[in-house]
Amino acid sequence: RSVGYGFIVNFSRCHFSIPLIYIFQILPESQKPIFKNDLTKQYCSNCGRKLNQKYKYCPYCGAKLHRHEIKEWEMNKKTAIFKQRYKCTNKSCSKTVTTELPDIVEKRLKRELDSIIGNGFEVVYYVSHLLVKKSLDDGYLVGSRGSVGSSFVATMSEITEVNPLAPHYVCPKCQYNEWYEDGSVASGYDLPEKNCPKCGAPLKADGQDIPFETFLGFEGDKVPDIDLNFSGDYQPRAHAYLKEVFGDTHVFRAGTIGTVADKTAFGYVKGYIEDTHKEMRIAEIERLAKGCEGVRRTSGQHPGGIIVLPIGQDINSFTPVQHPANDTTTDIVTTHFDYHSIDHNLLKLDILGHDDPTMIKMLEELVEQLTGEKFVATEIKLDDPGVMQLFADTSSLGITPDDIGGCPVGCLG
């Protein structure tokens, strides 16, 4: 297939004033998507056929139809083109500014995109980007976890806030940049404060020097596992948003199967012996217990795992579905087979719920109520002296250890 790049890249996350247009795939004319400029075309989510009229049921396969709007992206059964436009976040940038990318940045992007596009992983990145953007737009921070921070494409897609490039300075105003690739600096956060030698503006220090191979392996062909920590309050809305994007018939909770553990199996055999008044040697007891291990005991659901089904496919071709623990009163539908058995064939997204984003939002709102000014937690400098002092004593909080039960530091409150 024909693959190309749109290297107009948004460095607003890195304080380069460049709008980002990610075009992950450029297809030849013969493979153009079936959906082009018409954003309200109806199609069957079961068989994937485009319908030129409004139907309640598909005239081809008989499935009930749902009307979906294709927003900002175009998709057909076999190929997908993803186009996303990012506006410049720098207030001083009133028009599109295109500057030449630093060589280290362009090489890193090209190497990552070669692996991502060449192995068909672009959809995983784009769906993750949509989820994070939706949460941020609704006022809830999202934390990335695991090795996704080693992907610079993930940073530019606003999936993670971690910058895996070499430690560097960059000017938010004129894009002056200075790099440390000799290993003398382990993290950009350790760089001292410095002003731009060109325009005098304070430089932004960043870069954690993490190789891309940490995420997708040495060959770049490992399926990306992007784990996202959403607010526990927002997690159900994130799951609902996936159904809005893909349709109810293509999104399912990842099912789990609880099996009999070794000690439980041993207890079953001992109970059987007591109930039947039989005598067995220990070797026979262990043999019977071994036969009970791993037998299905109950079913459940992954705390944040979502299985996404491709357009035109039926979930029953991969796994039966059920309500968790056979509870028919819930509207949650899970895969009957354990997700480990099918996650090599279907896309699994980890949309986890955590307390940290909820607490940060609560504290932002509390500070705003007390001061009357909008407060953004992400604007706190990581090397702020007051923040660092919290790890030594309580002076930054304006209290004494006796005020908080004798705790000598301010970071354990």
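The chain exposes about 23500 Å² of surface, and carbon and sulfur atoms supply 51% of that area. Of its 413 residues, 40% count as buried. This is a predicted model, so confidence comes next. The average pLDDT is 77, and 76% of the residues score at least 70. Residues 1-41 fall below 50, and this stretch still has 131 contacts in the model beyond near neighbours in sequence. Residues 67-98 are also below 50, with 75 such contacts.

Now the overall build. The chain has 9 helices and 15 strands. Contacts often reach across the sequence. Among those with a separation of 6 or more, 65% join residues 24 or more positions apart.

Start with strand S15, residues 347-354. Strand S10, residues 227-231, runs parallel to S15 and is joined to it by 5 bridges. In this pairing, Asp 227 stands opposite Asp 350. Strand S12, residues 296-308, also pairs with S15. Here the sense is antiparallel, over 4 bridges. Ile 306 of the S12 stretch faces Leu 349 across the pairing. Ile 307 stands opposite Lys 348.

Continue from S12 to strand S11, residues 251-259. These two strands run antiparallel and share 8 bridges. Phe 252 has Ile 307 as its bridge partner in S12. Ile 307 therefore has a partner in S11 and another in S15. In a regular strand the side chains alternate between the two faces of the sheet.

S15 also holds a charged pair. Lys 348 forms a salt bridge with Asp 350, with the closest N and O atoms 2.5 Å apart. Are these two residues buried or exposed? Lys 348 has 18% relative accessibility, and because the cut-off is under 20%, Lys 348 counts as buried. Asp 350 is at 7%, so Asp 350 is buried as well.

Just before S15 comes a loop. His 344 lies there, between strand S14 (334-335) and S15. His 344 counts as exposed because its relative accessibility is 75%. Its C-alpha is 8.7 Å from that of Val 223, although the two residues are 121 positions apart in sequence.

After S15 comes helix H8, residues 355-371. Met 359 sits in this helix. At 43% relative accessibility, Met 359 is partly exposed. Together with Met 362, Leu 363, Leu 366 and Leu 370, Met 359 makes a nonpolar surface patch of about 520 Å².

Next, the other salt bridges. A search of the whole structure finds 13. One of them joins the side chains of Lys 194 and Glu 178, at 2.8 Å from N to O. The two residues are 16 positions apart: Glu 178 is in strand S8 (177-179), and Lys 194 is in the loop between S8 and S9. Their burial is not alike. Glu 178 is buried because its relative accessibility is 17%. Lys 194, at 32%, is partly exposed.

The loop between S8 and S9 also carries Glu 193, whose partner Lys 381 lies in the loop between H8 and helix H9 (385-389). The side chains of Glu 193 and Lys 381 meet in a salt bridge of 2.9 Å, N to O. This pair links parts of the chain 188 residues apart. Glu 193 counts as exposed because its relative accessible area is 64%. Lys 381, at 43%, is partly exposed. Elsewhere, Lys 134, Asp 138 and Arg 237 are linked in a network of salt bridges.

Two loop residues close the tour. What do their backbones show? Asp 209 has a phi near 55°, a positive value in a residue other than glycine. Asp 209 sits in the loop between strand S9 (204-206) and helix H4 (213-216). At 45% relative accessibility, Asp 209 is partly exposed. His 277 also has a positive phi, about 55°, and is not a glycine. His 277 lies between helix H6 (262-276) and helix H7 (282-292), in the loop that joins them. His 277 counts as exposed because its relative accessibility is 70%.

Note on methods:
Residues are numbered from 1 along each chain as its sequence is written. This is a predicted model: local features need pLDDT of at least 70, side-chain atom pairs count only at pLDDT 80 or more; totals for chains, interfaces and linings use all residues. Side-chain values use heavy atoms; hydrogens and water are left out. pLDDT is the predictor's confidence in each residue, from 0 to 100. Contact means heavy atoms within 4.5 Å. Buried means under 20% relative accessible area, exposed over 50%, partly exposed in between (1.4 Å probe, protein chains only). Patches are made of residues with over 30% relative accessible area and no salt bridge: like charges are joined within 9 Å, nonpolar side chains (Val, Leu, Ile, Met, Phe, Trp, Tyr) within 5 Å. Accessible areas come from the Shrake-Rupley method with a 1.4 Å probe; for residues, only the protein chains shown count as cover. A salt bridge is a side-chain nitrogen of Lys or Arg within 4 Å of a carboxyl oxygen of Asp or Glu.
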